[in-house]
2 protein chains.
Amino acid sequence: MTIKEFAKLLNISAATVSKAMNDSHEISAITKKRVLDLAEELNFQPNPNASSLRRNKNKTIAIVIPEIANNFFSKAIDGIEMIAQQKGYHSLIYLTHESSTKELGIIKHLMNGRVDGILASASLETKDFTHYNDLLDKNIPLVLFDRVCEEVQTAKITTDDFHAGYIATKHLIDTGCKKIGFLAFSDVAYACRKRKEGYLEALSEYKIEVDESLIINCSNDMISNFTLINNLLKKRKKVDGLFSSAENLAILSYQICSELAINIPKDLKIVTFSNMPMASYLNPSLSTITQPAFEMGKEAASLLFLAIEKPRNNYKDVFTEMKSNLFIRNSTKRIFK
Amino acid sequence: MTIKEFAKLLNISAATVSKAMNDSHEISAITKKRVLDLAEELNFQPNPNASSLRRNKNKTIAIVIPEIANNFFSKAIDGIEMIAQQKGYHSLIYLTHESSTKELGIIKHLMNGRVDGILASASLETKDFTHYNDLLDKNIPLVLFDRVCEEVQTAKITTDDFHAGYIATKHLIDTGCKKIGFLAFSDVAYACRKRKEGYLEALSEYKIEVDESLIINCSNDMISNFTLINNLLKKRKKVDGLFSSAENLAILSYQICSELAINIPKDLKIVTFSNMPMASYLNPSLSTITQPAFEMGKEAASLLFLAIEKPRNNYKDVFTEMKSNLFIRNSTKRIFK
DNA sequence: ACTAATTTCTTAATCGTTTTCGTAAAAAAT
DNA sequence: ATTTTTTACGAAAACGATTAAGAAATTAGT
């Protein structure tokens, strides 16, 4: 049903219906009620494409993320979608599967005005960020979250990665670790670099010399990650603590420890960034740095809507570091020998 | 940039550009190449709203699911999005948070033609399914997956819930359980009813009398679920095996066992439906029935696109039961006393 | 060489809204 | 009572693509 047909039912013009549904002051309360009541009754909704075309607004945002089968991102989406639904917006979702080619394709595609704004988390592979800057040149609001990058001058939501890295490493030192390895999920990602800096800061504070062979630069390839971590852990005496910057690397480490019969936490203590709800029930229970994924999603979305609805607002300067939490569990339990 | 402005750059008409970009046979190869090359260079894309309005097609589908911070649904979305991206479609995501009111609102909203088709998984609360039938009346393709319902005559993708329930229960019996409880995540959901029927079938086959007090009808309220399961497990001698129809109920059971100092698997064996990647690393490792979530998503999406692109196809008759797998781990380990 | 058929492009109508502008009617001001 | 202002609505022109129908240019057929 078109707005014209609908209008005919009430013997008024399409213009009046449109204005009534948009709560224009030009329309009397009486007429508004007649329109709204019938619209409710017949579930009449103006064609969104025609509306978007005319208004040049689609009430739609895009969420571009590396992966979804991931406790952090799925919770973040939960937060984003909640705010979007509150605001009456629709959320398109795009997965890059950590491929910069896919990311580039998706972002370039989104320049056609299909969405009013974009929430993105860069893929691991991505080293060139010009596509994000192109978005900004086209005045499409963009908020980066978690996987942010310095090259793009726009709003960013992250966690206190440096501090968390420091705290995690300090915790390992406090439980008696002397040779602490660091598993980097990326050697370029801003968040990972910050986590590493926190790690280095803690080592420095406790006068522990940095051993580069204990710093493992992992990638998106789980096979090669396996090899890397396996090689590290095989020379067991060289490492007694592991700070992992990503959940999946910790899982991999659990697997490798199980295969190599390395006892956690006796032989090796592990603390990791993770949003896993089951961390308490692992064998042994896993000490984690947990990011406020849901809140980050909400925060990022709120900021995006601010940018969309108040174009004068200089949202681009926002840089929010949200607080993550250290949950101490048995994987970093101090063992007195 | 509009198609007119773009056309002017090549000294041809907008119509020609449109046809060239849609690979019409009316346009010469030479012109097509000129158009496509410039479009590539300038990243020109026709306004999607104008296009959708004219064509009455949006190249967009909706995914309506109860929750996303959930291993099954996030993997299913992964599969759906992959197929959608291959087909050049966009995926809108809507979360109902298990609320039938929200579900109803979302589905009613989607009747305005914003999407070409819908993939849905009903919320637990939903008992009235007329909104889905309304969609079908409006000729909007609909594929239900996992949380399907008999009341709606459309395509459905599920798992072999009856068989899986039977196998899981049989496995508990084989490992020595005599008093097996069943944790139902819903008393109405089709999938859960089937799982229960499989459970009952196995009991019957082994001549184990059904004890209704061991069948716990859980809900979406985790607080009351806690009470229900806690009450069941406190009278410990009454139950020595637990078949859980949903992951979160198993997690809750682990928690309760830990609090009540019930040893798994010695005092109680547990097997559950779950897509948790960490099942092997739990304490004890958790025996699971695992659904092919990713493949289910792909299958559901493929079917939806078939319905969208071949309107004559009677996709509505499709009812696919995909095979789930039983992974036997330590939570159901036989203990010889 | 002339007509018919085919190829390739253009013009113009159309999709269903929103919004500007204009105009009655009603209310307020004189 | 007349003018001015305000209120409430309608007519028509956008928005930017697609496509049916028509026209020019080319090729084929006789």
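In this predicted model, V64(B) touches Y94(B), T96(B), I106(B), I107(B), L110(B), I118(B), L119(B), A120(B) and S121(B), leaving aside residues up to four places away in sequence. The residue belongs to strand β1 of chain B, which covers residues 60-65. With a relative accessibility of 0%, V64(B) counts as buried, because the cut-off for that class is under 20%. For a sense of scale within the chain, V64(B) can be set beside L200(B): the two lie 136 residues apart in sequence, and their C-alpha atoms are 31 Å apart in space.

From this one residue, the view can now widen to the meeting of the two chains. Chain A and chain B each bring 44 residues to the contact. The size of an interface is often given as the accessible area lost when the parts come together. Here, about 4,400 Å² is buried between chain B and chain A, and carbon and sulfur atoms give 58% of that area. Between the chains there are zero salt bridges, while 26 residue pairs are in polar contact, with both residues at pLDDT 80 or more.

Which elements of chain B each supply at least two residues of the side that touches chain A? They are the helices α4 (48-55), α5 (71-87), α6 (100-109) and α11 (247-260), together with the strand β2 (90-95). Of the side of chain B that touches chain A, α5(B) provides the largest share, with eight residues. Sorted by class, this side of chain B holds 19 nonpolar, 18 polar and seven charged residues.

Note on methods: Residues are numbered from 1 along each chain as its sequence is written. Chains are lettered from A and ligands numbered from 1 in the order in which they are written. This is a predicted model: local features need pLDDT of at least 70, side-chain atom pairs count only at pLDDT 80 or more; totals for chains, interfaces and linings use all residues. Side-chain values use heavy atoms; hydrogens and water are left out. Contact means heavy atoms within 4.5 Å. Buried area is the accessible area (1.4 Å probe) that two parts lose on being put together, summed over both. A salt bridge is a side-chain nitrogen of Lys or Arg within 4 Å of a carboxyl oxygen of Asp or Glu. A polar contact is a pair of N or O atoms within 3.5 Å; within protein, one must be able to donate a hydrogen and the other to accept it, and residues adjacent in sequence count only if both atoms are side-chain atoms. Helices (H or I, at least four residues) and strands (E, at least two) are DSSP runs, numbered from the N terminus. Ala, Val, Leu, Ile, Met, Phe, Trp, Tyr, Cys and Pro count as nonpolar, Asp, Glu, Lys and Arg as charged, and the others, Gly among them, as polar. Buried means under 20% relative accessible area, exposed over 50%, partly exposed in between (1.4 Å probe, protein chains only).
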